[in-house]
Amino acid sequence: MHLNQKISSIYLRLAVGLSYLWEVADRIGLFGPNGHAHVGWGDWKHFIAYAKQVMSFLPNGIINPLATIATIGEGGFGLLLILGLFTRMAAIGSGILSLCFAIAMAISFGIESPLGYSVFTLSAASFLLAGTSQYSWSLDKWFASRIVNKKLTAYQSLQTN
């Protein structure tokens with residue numbers, strides 16, 4: 001893997017992962033209450049109001065569960081991507097989740113909304129990351145090297161006996 005691919009992979013993992021964690025932190029009020037500078041929602045109530053707008057074409061009874069699942073997914077995918085743990089699966093999940101969000105935005109607000117907020121770009125970036133052959137500076141790589149080293153040590157001990 002070339003240096004620019006390694007750096008791009010790390011940058012993509014961090015950019016997507018931190019974006020997800022930022023949004024989750026905003027939803028649970030870690031950046032302050034609704035109405036303060038740099039706060040999108042500020043609490044769960046304001047986030048759910050937005051989720052109801054985004055998913056206005058769905059039955060009202062499933063919006064809260066879907067918003068909760070999406071938030072758990074974003075937090076989980078964000079953390080996994082930053083750590084580089086189960087990176088490929090987290091990137092695929094991120095791509096699917098953000099594609100669903102982009103489609104919901106397009107249905108409810110028109111195509112300019114997901115394009116303007118780069119939600120399709122987030123989805124594409126996630127799928128691109130999923131197709132990366134290696135993940136530098138990741139727990140995936142560290143675990144893989146430990147497994148390979150154990151197998152090599154076992155093989156070498158068999159050869160010396």
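Author: A residue counts as buried when its relative accessible area is under 20%, and the answers below apply that cut-off to a predicted model.

Reader: Is Ser126 buried or exposed, and with what relative accessible area?

Author: Ser126 has its place in helix 6, which covers residues 119-130. Once neighbours within four places in sequence are set aside, Ser126 is in contact with Val16, Ala91, Ser94 and Gly95. Since buried means under 20% relative accessible area, Ser126 falls in the buried class, with a value of 1%.

Reader: How is helix 1 oriented relative to helix 6?

Author: The two helices pack with their axes 10 Å apart and at an angle of about 135°. Roughly perpendicular covers 65 to 115 degrees and roughly antiparallel begins over 145, so this angle belongs to neither class. The orientation of helix 1 to helix 6 is therefore oblique.

Reader: Which residues in helix 6 meet helix 1, and into what kinds do the residues of the contact divide?

Author: Helix 1 passes helix 6 in a left-handed crossing. From helix 1, the residues Ser9, Leu12, Arg13, Val16 and Tyr20 take part, and from helix 6 they meet Leu122, Ala125, Ser126 and Leu129. The residues of this contact divide into six nonpolar, two polar and one charged.

Reader: How are helix 1 and helix 4 placed to each other?

Author: Helix 1 (residues 3-27) and helix 4 (residues 87-109) have axes 12 Å apart, and they pack at an angle of about 55°. Roughly parallel would need an angle under 35 degrees and roughly perpendicular one of 65 to 115, so helix 1 and helix 4 are classed as oblique.

Reader: What is the handedness of the crossing of helix 1 and helix 4, and how do the residues of the contact divide?

Author: The crossing of helix 1 and helix 4 is left-handed. In helix 1, Arg13, Val16 and Tyr20 meet Thr87, Ser94, Leu97 and Ser98 of helix 4. The residues in this contact divide into three nonpolar, three polar and one charged.

Reader: Which helix gives the most to the largest nonpolar core?

Author: The largest nonpolar core has 12 residues in all, including Trp41, Phe47, Ile48, Ile63, Ala102 and Val119. The elements that give two or more residues to this core are helix 2 (44-54), helix 3 (63-83) and helix 4. With four residues, the most is given by helix 2.

Reader: How many residues are in the other core, which lies apart from the largest one?

Author: Ile63, one of the residues of the largest nonpolar core, is in contact with Ala51, Lys52, Met55 and Leu58 when neighbours within four places in sequence are left aside. The other core lies apart from that one, and among its members are Val16, Leu81, Ala90 and Ala130, within a total of 10 residues.

Reader: Is Ile10 buried or exposed?

Author: Ile10 lies in helix 1, and it touches Ser136 and Trp137, not counting residues up to four places away in sequence. Ile10 and Gly84 are 74 residues apart in sequence, with their C-alpha atoms 8.7 Å apart in space. With a relative accessible area of 16%, which is under the 20% cut-off, Ile10 is classed as buried.

Reader: How far apart in space are Ala25 and Thr71, C-alpha to C-alpha?

Author: Ala25 lies in helix 1 and is buried, with a relative accessible area of 9%. Leaving aside neighbours within four places in sequence, Ala25 is in contact with Leu30 and Phe31. Ala25 and Thr71 are 46 residues apart in sequence, while the C-alpha to C-alpha distance between them is 9.9 Å.

Definitions and conventions:
Residues are numbered from 1 along each chain as its sequence is written. This is a predicted model: local features need pLDDT of at least 70, side-chain atom pairs count only at pLDDT 80 or more; totals for chains, interfaces and linings use all residues. Side-chain values use heavy atoms; hydrogens and water are left out. Axes are lines fitted to C-alpha atoms, for helices over the stretch in contact, and angles run from 0 to 180 degrees between N-to-C directions. A crossing is left-handed if the near helix is turned anticlockwise from the far one by less than a right angle, and right-handed if clockwise. Contact means heavy atoms within 4.5 Å. Ala, Val, Leu, Ile, Met, Phe, Trp, Tyr, Cys and Pro count as nonpolar, Asp, Glu, Lys and Arg as charged, and the others, Gly among them, as polar. A nonpolar core is a set of buried Ala, Val, Leu, Ile, Met, Phe, Trp, Tyr and Cys residues joined through side-chain atoms within 4.5 Å. Buried means under 20% relative accessible area, exposed over 50%, partly exposed in between (1.4 Å probe, protein chains only).
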